[in-house]
Amino acid sequence: MGRAFEVRKNAMAKTAGQKTKVYSKYGKEIYVCAKNGGADPDTNLSLRRLMEKAKKDQVPSHVIEKAIDKAAGGAGEDFQPMRYEGFGPGNCMVIVDCLSDNANRTITEVRNCFTKTNAKLGAQGAVSHMFDHQAVFQFEGDDEDAILEVLMEADVDVTDVEVEDGKVTVYAPHTEFYQVKTALTEAYPDISFIAEEMSWMPQTETEISEEDMPMFEKFMDMLNDCDDVQDVYHNAITPN
């Protein structure tokens with residue numbers, strides 16, 4: 001589970017270099033979240049989580065505020081969540097989450113990413129049953145037992161705790177996101193999270209061969225270049 005998360009985190013870091021794409025992604029997601037659940041982060045916990053994540057990714061406050069103001073005003077686009085599933089290069093499993101105001105444009109762009117890299121776009125549910133919706137927290141540390149004890153004492157449901165290369169990664173059901181964060185921040189007031197997110201974690205992993213790597217990288221780059229694509233989840237393990 002941890003290896004697939006690291007591969008995805010590294011890919012996201014690459015995308016983070018494209019500031020315009022990142023700002024647009026967060027602006028759209030914050031707008032939809034505020035429009036659907038209310039513009040007050042004190043009562044809309046999903047909005048609060050998104051705002052914290054955006055700030056961590058260095059999204060300017062004016063981008064965040066503009067999206068919330070737009071949602072509060074009731075005007076603006078009507079974005080709908082869309083999900084596409086299939087098999088990428090090397091036969092890895094892929095989930096593509098989008099937000100779009102034009103379904104025909106989005107499916108055309110996403111299908112193009114699959115067809116031009118010899119990947120296969122599947123039906124709804126084709127691979128999502130092989131992923132678990134998880135809350136994921138990563139921070140510096142090496143004492144797995146101490147972390148597990150803190151979470152158990154707080155009566156938090158934990159899926160797994162992994163320690164590798166001086167980093168602790170905690171996995172929990174997505175419904176436990178705030179319970180995990182509260183327990184960790186109360187036990188360790190100075191904790192600094194490298195990652196804190198909701199993610200679809202694969203139950204199995206697929207090794208990508210050296211031969212398939214160029215096509216896999218092209219596939220991921222094409223998806224990340226699509227304006228409507230918000231997140232890409234996969235079970236690929238790439239060669240070091």
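Let's start in a loop: Asn 118 sits between helix 5 (103-115) and strand 3 (120-121). Helices here are DSSP runs of H or I with at least four residues, strands are runs of E with at least two, and both are numbered from the N terminus. Before going on, a word on the model: it is predicted, local features need pLDDT of at least 70, side-chain atom pairs count only at pLDDT 80 or more, and totals for chains, interfaces and linings use all residues. Residues are numbered from 1 along each chain as its sequence is written, and side-chain values use heavy atoms, with hydrogens and water left out.

Back to Asn 118. Its phi is near 55°, a positive value in a residue other than glycine. Most residues other than glycine have a negative phi. Asn 118 is also exposed, with a relative accessible area of 64%; exposed means over 50%, buried means under 20%, and partly exposed is in between, using a 1.4 Å probe and protein chains only.

Asp 165 tells a similar story. This residue is in the loop between strand 5 and strand 6, its phi is near 55°, and it is exposed at 69% relative accessible area.

Now to helix 6, residues 144-153. Which of its residues are buried? They are Ile 147, Val 150 and Leu 151. Seen down the helix axis, these fall within an arc of 95°, so they line one face of the helix; the arc is taken from the directions from the axis to the C-beta atoms. As a reminder, an α-helix has 3.6 residues a turn, so residues three or four places apart point the same way. The face turned away from the buried side carries the exposed residues Asp 145, Met 152 and Glu 153.

What covers that buried side? The cover includes strand 4 (131-140), strand 5 (160-164), strand 6 (167-173) and helix 7 (177-187). At the N-terminal end of helix 6, Asp 143 acts as a cap, with a side-chain oxygen 3.4 Å from the backbone nitrogen of Asp 145. Just after the helix, Asp 155 takes a positive phi of about 60°.

Next, the strands. Strand 2 (residues 93-100) and strand 9 pair in the antiparallel sense over five bridges; a pair needs at least two DSSP bridges. One of the matches is Val 96, whose bridge partner in strand 9 is Val 232. Strand 9 covers residues 229-234, and six of its six residues are buried, so it is largely enclosed by the rest of the structure.

In strand 2 we also find Asp 97. Is Asp 97 buried or exposed? It is buried, with a relative accessible area of 15%. Leaving aside neighbours within four places in sequence, its contacts (heavy atoms within 4.5 Å) include Met 82, Arg 83, Trp 200 and Tyr 233.

For those of you who think about cysteines: how many disulfides does the structure hold? Zero, where a disulfide is a pair of cysteine sulfur atoms within 2.5 Å. The sulfur of Cys 113 is 3.7 Å from the closest cysteine sulfur, in Cys 226, which is too far for a bond. For Cys 92 the closest is Cys 113, at 13 Å, again too far. Cys 92 is buried at 0% relative accessible area, and Cys 113 is buried at 2%.

Finally, the record. An unreviewed UniProt entry lists residues 80-236 as "domain: TACO1/YebC-like second and third"; such annotations may be inferred rather than shown by experiment, feature names are shortened, and positions follow the numbering used here. In the model, that span is 30% helix and 38% strand, and its end C-alpha atoms lie 27 Å apart.

Conventions:
Polar contact = N/O pair within 3.5 Å; in protein donor to acceptor, adjacent residues only side chain to side chain.
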